[in-house]
Amino acid sequence: MNKMTKSWLFFLMTVVLLLGGCGSSDNTTSPTQKKTIVAATEGSMKGIAYMDKNNKLTGYEVEVLREAAKKAGYNIQFQTTEFASIFAGIDSGRYQIGFGSISKTPIREEKYNFTKVTHYYEPAVFAFPRGFLAKHPVKKVEDLGGLRTYLNPTKGNAWQQYVEAFNKLHPDSPIKVTYSDEGWAAYYRRLNQDDGIDVLKTNETRLYLLTQEYGYQFDFVVLPQTEMDKVGKLTNPNTYFVFPKTKKGAKMAADFDKAIEALQKDGTLSKLSKQFLGNDYSSKENYDKAHLR
């Protein structure tokens with residue numbers, strides 16, 4: 001083989017290697033490249049997910065997701081939308097995560113994947129206007145019969161599901177519903193003013209934050225979970241993140257489960273809960289410790 005032939009062979013081999021390298025880079029993902037996912041929420045829940053004074057989305061669940069995404073190897077972006085649109089967006093593939101104090105219900109579990117590890121444990125409470133319980137004690141769920149509440153039929157939230165299930169079980173003494181396109185902020189204002197509404201299902205944290213911000217005053221009662229479950233498995237003291245009912249959604253949920261477990265162990269969840277919610281609601285164990293009297 002003469003010198004000229006050797007030079008051409010070397011040139012051709014170099015071209016082949018370069019072309020092969022280019023093809024390879026188009027079809028593989030760098031080990032350090034992170035998948036970008038979009039998480040959606042209402043963005044109007046003080047303490048949980050809300051806009052701060054700089055119009056930046058923050059809150060306990062927002063910051064938990066930021067930290068969990070880092071550990072799980074995802075880039076996360078946030079969008080705010082109407083509550084019902086969270087689920088519609090997951091259905092369409094626009095969003096990969098839904099959040100905002102969302103609990104599991106049988107209907108939701110048929111359509112979506114959820115994290116298995118909770119990041120927020122807080123039993124539901126029934127809230128009433130100040131002084132209401134002195135006139136109308138509520139010691140069991142049946143005592144809700146005849147009371148007035150407001151619902152937004154476009155929301156499809158857990159309170160609406162609970163009221164509708166209660167009324168099917170107690171047609172002779174239902175909860176009296178006024179349907180309105182108002183949101184929760186208006187409902188809490190009405191409840192504080194004793195304006196046509198007697199009861200809402202909420203949680204202690206929400207009432208605490210409303211008192212801190214607006215000076216609202218409420219009565220509230222915590223019923224045992226066995227009482228709550230008389231209406232059906234529609235209330236759950238645990239809060240979860242929601243993912244699509246797909247293989248990718250299941251994989252993301254599993255990745256976030258591992259990350260949340262790590263954040264629970266290293267104390268990050270407890271720290272964030274105290275920062276944004278005023279107490280430790282990061283797990284049942286921590287909730288029980290914080291509420292020992």
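**Cores**

I started with the largest nonpolar core, where Tyr60, Leu65, Ile97, Phe241 and Phe256 touch the most other members out of 33 residues. A nonpolar core here is a set of buried Ala, Val, Leu, Ile, Met, Phe, Trp, Tyr and Cys residues joined through side-chain atoms within 4.5 Å. Buried is under 20% relative accessible area, exposed is over 50%, and partly exposed is in between (1.4 Å probe, protein chains only).

I noted which elements feed this core: strand S1 (35-41), strand S3 (49-51), helix H2 (60-72), strand S5 (74-80), strand S8 (120-121), helix H10 (247-265) and H11 each supply at least two residues. Helices (H or I, at least four residues) and strands (E, at least two) are DSSP runs, numbered from the N terminus.

Then I picked leucine 65 and listed its contacts (heavy atoms within 4.5 Å). Leaving aside neighbours within four places in sequence, leucine 65 is in contact with Ala39, Ile76, Phe78, Ile97, Phe99, Phe241 and Phe256. There is also a second, separate core of 32 residues, and Phe132, Leu144, Trp159 and Met228 are among them.

**Ground rules and chain totals**

A note to self: the model is predicted, so local features need pLDDT of at least 70 and side-chain atom pairs count only at pLDDT 80 or more, while totals for chains, interfaces and linings use all residues. Residues are numbered from 1 along each chain as its sequence is written, and side-chain values use heavy atoms, with hydrogens and water left out.

For the chain as a whole I have 12 helices and 15 strands. Of its 293 residues, 47% count as buried. Among contacts with a separation of 6 or more, 72% come from residues 24 or more positions apart.

**Pocket**

Next I looked up the largest pocket, with a volume of about 1100 Å³. On a 1 Å grid over the protein atoms alone, a pocket is an open set with protein on both sides within 12 Å along at least five of seven lines, a cavity is a set of points where a 1.4 Å probe fits but cannot get out, and lining residues have an atom within 4 Å of a point. Grid points are joined across faces, edges and corners, and a volume is the space filled by probe spheres set on the points.

The pocket is lined by 46 residues, and Met45, Ser101, Trp184, Tyr188 and Arg206 lie nearest its centre. By class I get 23 nonpolar, 14 polar and nine charged. The classes are Ala, Val, Leu, Ile, Met, Phe, Trp, Tyr, Cys and Pro as nonpolar, Asp, Glu, Lys and Arg as charged, and the others, Gly among them, as polar.

Helix H8 (residues 204-214) gives the largest share of this lining, five residues. I checked burial in H8 too: Thr205, Arg206, Leu207, Leu209 and Leu210 are buried. Glycine 215 follows H8 and has a positive phi, near 80 degrees.

Ser101 got its own look. It sits in the loop between strand S6 (97-98) and helix H4 (106-111). Its phi is positive, near 55 degrees, in a residue other than glycine. Serine 101 counts as partly exposed because its relative accessibility is 23%.

**Cavity**

I searched the whole structure for cavities of 30 Å³ or more and found one. Its volume is about 40 Å³. It has 10 lining residues, with Leu151, Asn152, Asn157, Trp184 and Tyr187 closest to the centre. Strand S10 (148-151) and helix H7 (184-193) are the elements that give two or more residues to this lining. The class split is five nonpolar, three polar and two charged.

**Serine 282**

This one is in the loop between helix H11 (268-277) and helix H12 (284-290). Serine 282 counts as buried because its relative accessibility is 0%. Its side chain makes polar contacts with the side chains of aspartate 280 (2.6 Å) and serine 270 (3.3 Å). A polar contact is a pair of N or O atoms within 3.5 Å; within protein, one must be able to donate a hydrogen and the other to accept it, and residues adjacent in sequence count only if both atoms are side-chain atoms. Not counting residues up to four places away in sequence, serine 282 touches Tyr60, Thr118, His119, Tyr120, Gln264, Leu269, Ser270 and Ser273.

**Lysine 251**

Last stop was lysine 251, in helix H10. Its side chain makes a polar contact with the side chain of aspartate 255 (2.8 Å). Lysine 251 and asparagine 113 are 138 residues apart in sequence and 9.5 Å apart in space, C-alpha to C-alpha.
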